[in-house]
Amino acid sequence: MVKKNTTNKKKDLTFLLIAIISIVLLNYIGSFVFERFDLTSEKRYTLSETSKQLAEDLDDIVFIKVYLEGEFPAGFKRLRDETQEMLDEFRAYSSSNIQYEFINPSKSPDKKIRDEIYKQLYKQGLRPTDLQAKNEDGFTNKIIWPGAIFTYKGKELPVQLLKSQIGAGAENMLNSSIESLEYEVANAIYNLTTIDKPKVAFIEGHGELNDLETASLSESLAEFYTVDRVELKENLTSLTERIMVDSTKAYTVKTKYDAIIIAKPQQRFSEKDKFIIDQYIMYGGRVVWLVDPVFASMDSLQNADVTMAIPQDLNLDDQLFTYGVRLNANLVQDIQSVPIPIVTGVVGNQPKTEMFPWFFFPLLTPANSHPIVNNLNALKSEFVSTIDTINKKGIRKIGLLKTSAYTKVNSAPTRISLGMVRFEPDQSQFNKGHQVVAVLLEGKFESVYKNRLAPQIKQANEINFKEESAANKMIVIADGDIAKNYVNKRSGEYLALGFDRFTRQEFGNRDFMVNVVDYLCNDSGLMTVRAKKLTIRLLDKTKLKSEKLYWQVINTALPIGLILLFGILHYFDRKKKYTK
């Protein structure tokens, strides 16, 4: 018996020694080999290669202050936990160059101190969310700041972690925010660490939106790009420059800007200006076309109840057709639209106004889950037209924005009257379904001037005419007002892009336009991270209510019963072993 016990002790010691050696060996190997395992079905904790590379390339600390600490409902706690886990993933690949801290901005019991902190956070670029929370006395309003401030080498960048979406439920909104976490973190790191900012230019000279009307977009882009305004003036070197490559006086052409924005032109383009834009595209330049094929203005309705919407001849139809799209001379009406104030009478000496849906201002939503529009809030538009795509070999067309299913299309010229709002819409007329109003084009574009130039011009060394581009991309939007912020004509002050002064709602125009420029200018693959989808695994509330007692028993009695069963079996096993 003693001999048997000694043998058992030797075996136990041998197993213990092997276990210790294995642990030490695994730790030693782990110091040289790095690997993380993600067992979730959608790989929610697996970073993309682009994100990993951004983290690995950091040469200094990125410090992140996350303002998601405090007493929150379960949904916000989930957003907080997912944010921490995502930051941990980035930190694991960054050699500890990513550090973070969670802060409760409402921690101080002194209201004056809290208000001062709130003002500072707002000044830094974060936006609060007013949350209704339940307590012993009923409901109270609570301000939370679901955002973060990224700091790198003295530079700061605010990131809004909660993505608001008009009409979306709380669960869907939180899920969309969690889906966007990797992109938001990676994009912030990319923009903070990029030394040479890409260059973007607004085109002028054809009645485009002026600097005040695009001030909000310019400010948003200026965080990540060098923003300029350029008047073409039929100058061949306004968008491109010729560089001598050797002593034989051979030249190559280089674009001056990574992307240009043509925002709501209202005057005809000369053939020379079209040629300049065309060759800019042929040599790799990217373009955002925000073009109204029909002229209509709310200013015309200030002094009259009726105005006419008429087609605009901007001399761009052949150029856009060659690239793969046609802007239709029509106006869309949509039951899902932005309301405007209408004077309905007079009370005393004061006019009485009421808000009515204005069908000519459709709410635009993502046409798919493309990275440009994924998890995007609805956009406000004004007098928008439809777009048709043309079958062009080698050109891929992707719709980005669409109207609702309750759409009516009016061919121009058409009559616009404020009196329309006083009548209930005949839904049988709003039967055209979803209409695409913004399109992404990708591929090798053919020059609109191919086979149209005289040989002497075509072969001229100072022109360097190119018939086809390399792989390129552009975006065409049939509404220039998507990029326009409201301007107070008296004071010169302007509102943020996408903010509606009547409803006090902020639409997704700013995010959309920044995404558009990011997609065109950034070839790092970062935008593809936005397409990541997570599955919401919500409890079935009806089933939970009806089977509450059953699951309570399963979750409390079953574990205890299993432990008792294991103890009884272990007892009889030991009794059998030692009574021989």
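How many helices and strands does the secondary structure of the protein contain?

## Overview

The secondary structure comes to 13 helices and 25 strands; helices (H or I, at least four residues) and strands (E, at least two) are DSSP runs, numbered from the N terminus. This is a predicted model, in which local features need pLDDT of at least 70 and side-chain atom pairs count only at pLDDT 80 or more, while totals for chains, interfaces and linings use all residues. Residues are numbered from 1 along each chain as its sequence is written, and side-chain values use heavy atoms, with hydrogens and water left out.

Of the 580 residues of the protein, 42% count as buried. Buried means under 20% relative accessible area, exposed over 50%, and partly exposed in between (1.4 Å probe, protein chains only). Among contacts (heavy atoms within 4.5 Å) between residues at least 6 apart in sequence, 75% join residues at least 24 apart.

## A four-stranded sheet

An open sheet of 4 strands follows the order S2-S1-S5-S6, with mixed pairing; two strands pair if DSSP finds at least two bridges between them. Its edge strands, S2 (98-102) and S6 (155-160), each pair on one side only. On average, neighbouring strands of this sheet are turned by 20 degrees against each other, direction ignored. Axes are lines fitted to C-alpha atoms, for helices over the stretch in contact, and angles run from 0 to 180 degrees between N-to-C directions.

Strands S5 (residues 147-152) and S6 run antiparallel and are joined by 6 bridges. Thr151 has Glu156 in S6 as its bridge partner. Helix H6 (residues 181-193) packs on the sheet and touches S2, S5 and S6, and its direction makes about 160 degrees with that of S6. Helix H3 (residues 74-93) lies across S1 (62-66) and S2, running at about 160 degrees to S2.

## Backbone exceptions

Most residues other than glycine have a negative phi, and most peptide bonds are trans. Glu234, however, has a positive phi near 60 degrees. Glu234 is found in the loop between strand S8 (226-231) and strand S9 (240-244), and is partly exposed, with a relative accessible area of 38%. Asn315 also has a positive phi, of about 60 degrees; it lies in the loop between strand S14 (306-311) and helix H9 (317-323) and counts as buried at 14% relative accessibility.

A cis peptide bond, with omega about 0 degrees, joins Ala412 and Pro413. Pro413 is in the loop between strand S22 (407-411) and strand S23 (414-417).
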